[in-house]
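Here are a few worked exercises to try with the model open next to you. Have a go at each task before you read the solution.

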Amino acid sequence: MHGPTEGVSEETDEANSAVKIVGGNVFVELDPDHPGFKDEGYRSRRNEIAKIAMEWNDMTMEERRNTKIPHAPYSEDEDAVWAAIMERIAPVHEKYACKQYLDNAKKLGLPNDRIPQLQEVSETLQNMTGFRQEPVGGLVHPKTFHTALANKVFLSTQYIRHSSRPFYTPEPDVVHELVGHTAMLGVPEWAELNILFGEADMRTNSEEAIKRLGTIYWFVLEFGACREQGQVKAVGPGLLSSFGEMEHACASGEVEYRKPNFEEMEIQPYDVTKYQPILYIWDSFEEMYEKTKEFVNNWGTDNDTRKDLHK
Ligand SMILES: [Fe+2]
């Protein structure tokens with residue numbers, strides 16, 4: 001999922017799908033302009049996949065820890081969508097992904113020819129940083145998303161975009177989760193920042209403060225970028241899971257690059273439906289890690305300069 005509002009992203013009102021129970025059956029409601037709206041086969045797979053998440057949601061934490069995530073049904077067309085994306089994105093990663101991503105993606109070794117199951121990817125991730133993935137039906141409230149992070153759980157969608165538009169998705173899908181988030185969650189510093197955000201959120205009560213923290217998550221842990229030998233490289237999964245947005249962010253000349261400043265960042269509006277016109281660029285991955293860690297560690301504590309927010 002995207003940080004505060006994306007893919008499994010996070011704000012329910014931004015999604016163009018919704019999971020409902022109709023006559024005792026799980027039903028994914030798609031907007032009429034969703035590419036899969038008229039495809040019955042796609043819709044029935046979406047319903048089946050949503051059912052996995054609904055049933056997962058009914059389990060206790062203990063049960064979740066000890067249960068294997070059921071396999072999602074994928075069609076040959078859907079495996080072909082994955083393969084087409086992997087082929088198209090690989091050279092873009094070589095050019096614009098940060099070193100940490102490239103090194104860890106190699107270790108993660110996602111298959112190129114088929115959509116991997118969440119369970120298998122989660123097991124590999126767990127061996128890397130202790131993080132595991134759990135299924136979720138769609139966008140969830142930022143509080144739910146962040147609380148899971150504090151427990152080293154990353155909530156992930158399992159469905160894939162519709163095959164009629166392989167390079168477009170109106171909602172976060174398995175490509176975003178696995179190609180974007182998982183490879184970064186295997187990087188220890190990145191995993192640590194995700195946990196710290198989760199813990200900071202648990203110290204946060206006001207909606208205003210939750211929103212601000214979510215906005216910082218968005219600009220750093222979804223759409224962060226840093227310099228490597230003078231070149232801007234993608235760090236955030238929102239960039240890393242989309243070759244179009246990665247090229248736009250790193251090489252189009254159309255993005256306003258700003259020096260990271262948390263006080264400004266936390267109130268900066270953003271639109272989840274468009275390529276980001278503003279990005280905060282760190283001088284290095286290490287700078288991003290150190291400064292974000294310090295900021296999030298202070299959030300909601302006696303050292304927090306924004307004490308009013310937490311009332
Ligand atoms: Fe995301």
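**Exercise 1: Taking stock**

How many helices and how many strands does the secondary structure of the protein chain come to?

*Solution.* Keep in mind that this is a predicted model. Counting along the protein chain gives 13 helices and eight strands.

**Exercise 2: Overall dimensions**

Work out what radius of gyration a compact globule with 311 residues would have, and set the protein chain against it.

*Solution.*
1. For 311 residues, the globule rule puts the radius of gyration near 19 Å.
2. The protein chain comes out at 18 Å, so it agrees with the rule.
3. As for the box, the C-alpha atoms fill roughly 50 × 45 × 40 Å along the principal axes.
4. On burial, 46% of the 311 residues count as buried.
5. Finally, take the contacts with a separation of 6 or more: residues 24 or more positions apart account for 67% of them.

**Exercise 3: The hairpin**

Describe how S1 and S2 pair, and find the glycine in their turn.

*Solution.*
1. Strand S1 (residues 17-22) and strand S2 (residues 25-30) are joined by six bridges in the antiparallel sense.
2. One pair to look for is Ser-17, which stands opposite Leu-30 in S2.
3. Two residues separate the strands of this hairpin, and Gly-23 in the turn has a positive phi of about 55 degrees.

**Exercise 4: Ordering a sheet**

Put the strands of the open four-stranded sheet in order, then justify the order from the pairings around S8.

*Solution.*
1. Start with S5 (residues 225-228) and S8 (residues 278-282), which pair in the parallel sense over two bridges; Ala-225 has Ile-281 as its bridge partner in S8.
2. Next, S7 (residues 256-258) runs parallel to S8, with three bridges joining them. Look for Tyr-257 with its bridge partner Leu-279, and for Glu-256 opposite Ile-278.
3. The full order is S6-S5-S8-S7, and the pairing is mixed.
4. That leaves S6 (231-234) and S7 as the edge strands, each pairing on one side only.
5. Ignoring direction, neighbouring strands of this sheet are turned by 45 degrees against each other on average.
6. Now add a helix: H11 (residues 243-251) lies across S5, S6 and S8, and runs at about 155 degrees to S6.

**Exercise 5: Into the core**

Which residues have the most contacts inside the largest nonpolar core?

*Solution.*
1. They are Ile-160, Ala-234 and Met-246, in a core of 76 residues.
2. Helix H9 (residues 207-222) supplies the largest share of this core, with eight residues.
3. Zoom in on Met-246: setting aside neighbours within four places in sequence, its contacts are Val-92, Tyr-96, Ala-234, Leu-239 and Leu-240.
4. For background, nonpolar side chains in soluble globular proteins tend to be buried together.

**Exercise 6: One lysine**

Is Lys-51 buried or partly exposed, and why?

*Solution.*
1. Locate Lys-51 in helix H1 (residues 40-57).
2. Count C-beta neighbours inside 10 Å: Lys-51 has 18.
3. Buried takes 20 or more, and exposed takes 12 or fewer; with 18, Lys-51 therefore counts as partly exposed.
4. As an extra distance check, the C-alpha atoms of Lys-51 and Ile-267 are separated by 36 Å, with the two residues 216 apart along the chain.

Methods:
Residues numbered from 1 in each chain as written. Predicted model: local features only at pLDDT ≥ 70, side-chain atom pairs only at ≥ 80, totals over all residues. Pairing = 2+ DSSP bridges. Rg over C-alpha atoms; globule rule 2.2 N^0.38 Å. Contact = placed C-beta atoms within 7 Å. Axes fitted to C-alpha atoms, helices over the stretch in contact; angles between N-to-C directions. Core = buried A, V, L, I, M, F, W, Y, C linked by C-beta atoms within 7 Å.
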